[in-house]
Amino acid sequence: MKFLDLAKVYIRSGGGGGGCVSFRKEKYIEYGGPNGGDGGRGGDVWAEAVDGLNTLIDFRYQQHFFAKNGQPGMGAQRTGKDGDDIILRVPVGTEILDEDEETLIADITEVGQRVLLAKGGNGGFGNLHFKSSTNQAPRRANPGLAGVERTLWLRLKLIADVGLLGLPNAGKSTFLAATSNARPKVADYPFTTLHPNLGVVGVDGVEFVVADIPGLIEGASEGKGLGDLFLGHVERCAVLLHLVDGSSGDPMQDYKTIIGEIENYEGPLSDKPRVTVLNKIDTLDEEERQFLKEEMEAVVGGPVLLMSGVSREGVVDVLRALRSQIDEDRLRQKVDGEEPEEWRP
């Protein structure tokens, strides 16, 4: 399934049916009178979060969603049928924005949450509604109200517990593949990851969701590279896992580059707790590991963990550090003896 996190849709609620002008015409009825019914109301347009979706790809092939109009009223005091509603089924974590792509209309964060996007028009009154003692044969009826037409943007921000950050080839996808059933693309060239990946990770009897996004480069907050397109997917995370490539020429500069882009990004990322990890230590000897660890801890101002996603050295310690930063209500209990299920869209 192709990943799509931004889509433009055109919606229109149904118009109300017009009222009916009608009079009783039964044989042998001495006194007739008005009996025109009201029109039916138009259908509404709703957005609803459903389980099992993690992309907006469905909205690439269909962008127009029009609810049904209400039927006109009829004689014999018959009210027209209401128009059917239409529902846009979206994944959890979808933001609904106005046409300007800035005004937030709704943020859908729970399965089953429904948001009314456009209300259908009311049906018009039939002439029966205008009957009175002074106007016993009204020959007027109201037209139905028109529906509401809008252009909206759907923007998906994946809901995960941990977000992976780092330069291209920092080992993010390797870490996700080593700790979960996710199978992201892993290669020895930059920008192997082109879209976010999700994986369910288990440690000490609990599970949490990890999101891997494309690597960041210097200037990402200004639109360079791919990572700025997907930073929104880690805005909802409880903790950020910052992986630094220990085999690069200057790990300290790599760390400062990512931190600078996070601070320049307009969002809550800079305030989130972070776990900093020196990755790829399988390429370093013991002396180099200790030297880089001490030097990086001086720059970070806190503890730095050592890990290798390839040899899996230190992976459990990193997972436990992440777990300690995640609220208990976001953790899912793991059934003993049961293998973790693969994350499926």
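Reader: What makes the five strands S3-S1-S8-S5-S6 an open sheet with edges?

Author: In this predicted model, the strands (DSSP runs of E, at least two residues, numbered from the N terminus) line up in the order S3-S1-S8-S5-S6, with mixed pairing. Strands S3 (64-66) and S6 (104-108) each have a single partner strand, so one side of each has no neighbour in the sheet.

Reader: How do you know that S5 and S8 pair?

Author: Two strands pair if DSSP finds at least two bridges between them. S5 (residues 94-97) and S8 (residues 149-156) have four, in the antiparallel sense, so they pass that cut-off. One bridge partner couple is Leu 97 and Trp 153.

Reader: Why is the contact of Glu 95 and Arg 155 called a salt bridge?

Author: The term asks for a side-chain nitrogen of Lys or Arg within 4 Å of a carboxyl oxygen of Asp or Glu. Here N to O is 2.7 Å, so the pair qualifies. Glu 95 sits in S5 and Arg 155 in S8, so parts 60 residues apart in sequence are tied together.

Reader: Why is Glu 95 called buried, but Arg 155 partly exposed?

Author: Buried means under 20% relative accessible area, exposed over 50%, partly exposed in between (1.4 Å probe, protein chains only). Glu 95 has 7%, so it's buried; Arg 155 has 31%, so it's partly exposed.

Reader: What do the numbers rest on?

Author: Local features need pLDDT of at least 70 and side-chain atom pairs 80 or more, while totals for chains, interfaces and linings use all residues. Residues count from 1 along each chain as its sequence is written, and side-chain values use heavy atoms, leaving out hydrogens and water.
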